[in-house]
Amino acid sequence: MASCVFTREVWHRLLRTAGLQHLVPLGDSCMADWWQQTRAAIPKVFRKSFDSLVRLTTWNLWKERKRTFDSKARTPSQLFALILEEADS
């Protein structure tokens, strides 16, 4: 999951914005394992929001991968802004 530099940068930006930069996935992290471990470290009241952020981010990263193969890639900053915009709506 996090072996991709692009992916790690997007996660870092998102988690830093939430004050959770210490929870950024490591390069060898498995998404499911990281999600479970990180979710357990977050206060229960914020877990649904965290789950939504993980799903939204994962979905957008997956879509961006397809766009990359179509030569229409965004920068990590652009994807970060898109994720925040979608999270607000």
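1. Charges. Lys and Arg count as positive here, and Asp and Glu as negative; His and the chain ends are left out. On that count the chain carries 14 positive and 9 negative side chains. The centres of the two sets lie 3 Å apart. Keep in mind that this is a predicted model.

2. Fold. How many helices and strands does the chain have? There are 4 helices and 0 strands. Read from the N terminus, the order of elements is α-α-α-α. The chain is as compact as a globular protein of its length, because its radius of gyration is 13 Å and the globule rule gives a close value, 12 Å, for 89 residues.

3. Dimensions and contacts. The C-alpha trace spans about 40 × 30 × 20 Å along its principal axes. Take the contacts between residues with a separation of 6 or more. Of these, 46% join residues that sit 24 or more positions apart in the chain.

4. Surface and interior. The accessible surface of the chain is about 5,900 Å². Carbon and sulfur atoms supply 56% of that area. As for the interior, 31% of the 89 residues are buried.

5. A residue to look at: Thr 57. Find Thr 57 in helix H3, which covers residues 47-69. Is Thr 57 buried or exposed? Its relative accessibility is 0%. The cut-off for buried is under 20%, so Thr 57 counts as buried. Now check what surrounds Thr 57. Leaving aside residues up to four places away in sequence, Thr 57 touches Val 10, Trp 11, Leu 14 and Ile 83. Trace these partners in the structure above.

6. Disulfides. A disulfide is a covalent bond that links the sulfur atoms of two cysteines. How many disulfides does the count give? The count is 0. Why does Cys 4 have no such bond? The cysteine sulfur closest to that of Cys 4 belongs to Cys 30, and the distance is 16 Å. The rule asks for sulfur atoms within 2.5 Å, so 16 Å is too far for a bond. Start from Cys 30 and the result is no bond either, because its closest cysteine sulfur, in Cys 4, is 16 Å away.

7. Exposure of the two cysteines. Partly exposed is the class between under 20% and over 50% relative accessible area. Cys 4 has 35% relative accessibility, so Cys 4 counts as partly exposed. Cys 30 has a relative accessible area of 40%, and Cys 30 is partly exposed too. Thr 57, in contrast, is buried at 0%.

Terms used
Residues numbered from 1 in each chain as written. Predicted model: local features only at pLDDT ≥ 70, side-chain atom pairs only at ≥ 80, totals over all residues. Heavy atoms only, no water. Buried < 20%, exposed > 50% of the residue type's maximum accessible area, 1.4 Å probe, protein only. Helix = DSSP H or I, 4+ residues; strand = E, 2+ residues; numbered from the N terminus. Rg over C-alpha atoms; globule rule 2.2 N^0.38 Å. Contact = heavy atoms within 4.5 Å. Areas by Shrake-Rupley, 256 points an atom, 1.4 Å probe, with all protein chains shown as cover. Charge placed at Lys NZ, Arg CZ, Asp CG, Glu CD.
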